[in-house]
Amino acid sequence: MIMFLNGFKALCKMGLTGLQWNVLNTMLCSVEHDNVIKLKQKHIADELQIAPTRVSEAVKVFKQKGIIAEANDAVHGKVYIFNPQFGHTDKSIKKADKRFQNKAVQKIKGLPKSLGSAVKALAVDNEFLQAGGVFPKELIDLWIANKRNDLKKHVAMPTPMEYEMYYDL
């Protein structure tokens, strides 16, 4: 998954409808390298059991808001590119970023580079998840505590290289 605390927060402020969120989430489940989405609108409509025109309307909104861009692929025809400012951190971001000129989107901060920094960022700023009663504070705090415990276990475990160097006799 490519998400993304600051990108998700920016998407939440864009006023997407429930149906648009469903379409976007379906698209994001098929994001490939370089943020390419090869999923066809008909497939999305079938999966969500909605009319293809509803998917078309949602995709149009995503393009207008700078969430996705349309591109042509020699093999797959029409594809979509998910705006890297919302959640991509690999070295291809500069290439994909040229497709998006929305100044508001470009102001989004970078994404956390590790589980530790992601948990720390979530602990500092999680009000947007509580807005409208989406997630109760207790659940967010419990999730943060669980991830911190996971991180402690992970850090305490030797890597395969350390095991080979120091423990394997």
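Tyr-166 is exposed in this predicted model, with a relative accessible area of 58%, and because anything over 50% counts as exposed, the residue falls on the open side of that limit. Tyr-166 belongs to helix α10, which covers residues 160–167, and together with Met-161, Tyr-163, Met-165 and Tyr-167 it makes a nonpolar surface patch of about 650 Å². That patch is one part of the roughly described outer surface: the protein exposes about 11,000 Å², and carbon and sulfur atoms supply 57% of this area.

From this patch we can turn to the overall plan. The protein contains 10 helices and 3 strands, and a reader who follows the sequence meets them in the pattern α-α-β-α-α-β-β-α-α-α-α-α-α. Of the 169 residues in the protein, 34% are buried. When contacts between residues at least 6 apart in sequence are considered, 54% of them join residues at least 24 apart.

Helix α4 offers a good place to look at how one element sits among its neighbours. This helix runs over residues 52–64, and its 13 residues reach 19 Å from the first C-alpha to the last, which is close to the 18 Å expected at 1.5 Å a residue. Its buried residues are Val-55, Ala-58, Val-59, Val-61 and Phe-62. Seen down the axis of α4, these buried residues fall within an arc of 155°, and they therefore line one face of the helix. An α-helix has 3.6 residues a turn, so residues three or four places apart point the same way. The other side of α4 has a contrasting character, for Thr-53, Lys-60 and Gln-64 are exposed there. What do the buried residues of α4 pack against? Their partners are the helices α2 (18–28) and α3 (41–48), along with the strands β2 (68–73) and β3 (77–82).

The two ends of α4 lead into backbone features. Just after the helix, Gly-66 takes a positive phi of about 75°. In the loop between α3 and α4 lies Gln-49, which has a positive phi of about 55° although it is not a glycine. Most residues other than glycine have a negative phi, and most peptide bonds are trans. Gln-49 is also exposed, with a relative accessible area of 72%.

The charged side chains add another layer to the picture. Side chains of opposite charge can pair when their charged atoms come close, and a search of the whole structure finds 4 salt bridges. One of these involves Lys-63 and Glu-70, whose side chains meet with 2.7 Å from N to O. Lys-63 is partly exposed at a relative accessible area of 37%, and Glu-70, at 39% relative accessibility, likewise counts as partly exposed.

Another salt bridge is found within helix α3, where the side chains of Asp-46 and Lys-42 meet at 3.1 Å, N to O. Both residues lie in α3 and are 4 residues apart, which is about one turn of the helix. Asp-46 is partly exposed, with a relative accessible area of 48%, whereas Lys-42 is exposed, with a relative accessible area of 55%. Because the line between partly exposed and exposed is drawn at 50%, these two partners are placed in separate classes.

Helix α9, residues 137–156, holds a salt bridge of its own, in which Asp-150 and Lys-147 lie 3 residues apart, again about one turn of the helix. The closest N and O atoms of this pair are 3.0 Å apart. Asp-150 counts as partly exposed at 34% relative accessibility, and so does Lys-147 at 22%, a value that stays above the limit of 20% under which a residue would be called buried.

Leading into α9 is a loop that follows α8 (127–130), and Ala-131 is found in this loop between the two helices. How far from Cys-12 is the C-alpha atom of Ala-131? The two C-alpha atoms are separated by 10.0 Å, although the residues are 119 apart along the chain. Ala-131 itself counts as partly exposed, at 46% relative accessibility.

Notes:
Residues numbered from 1 in each chain as written. Predicted model: local features only at pLDDT ≥ 70, side-chain atom pairs only at ≥ 80, totals over all residues. Heavy atoms only, no water. Expected span 1.5 Å × (residues − 1). Buried < 20%, exposed > 50% of the residue type's maximum accessible area, 1.4 Å probe, protein only. Arc of directions from axis to C-beta. Contact = heavy atoms within 4.5 Å. Areas by Shrake-Rupley, 256 points an atom, 1.4 Å probe, with all protein chains shown as cover. Patch = residues over 30% accessible without salt bridge, like charges linked within 9 Å, V, L, I, M, F, W, Y side chains within 5 Å.
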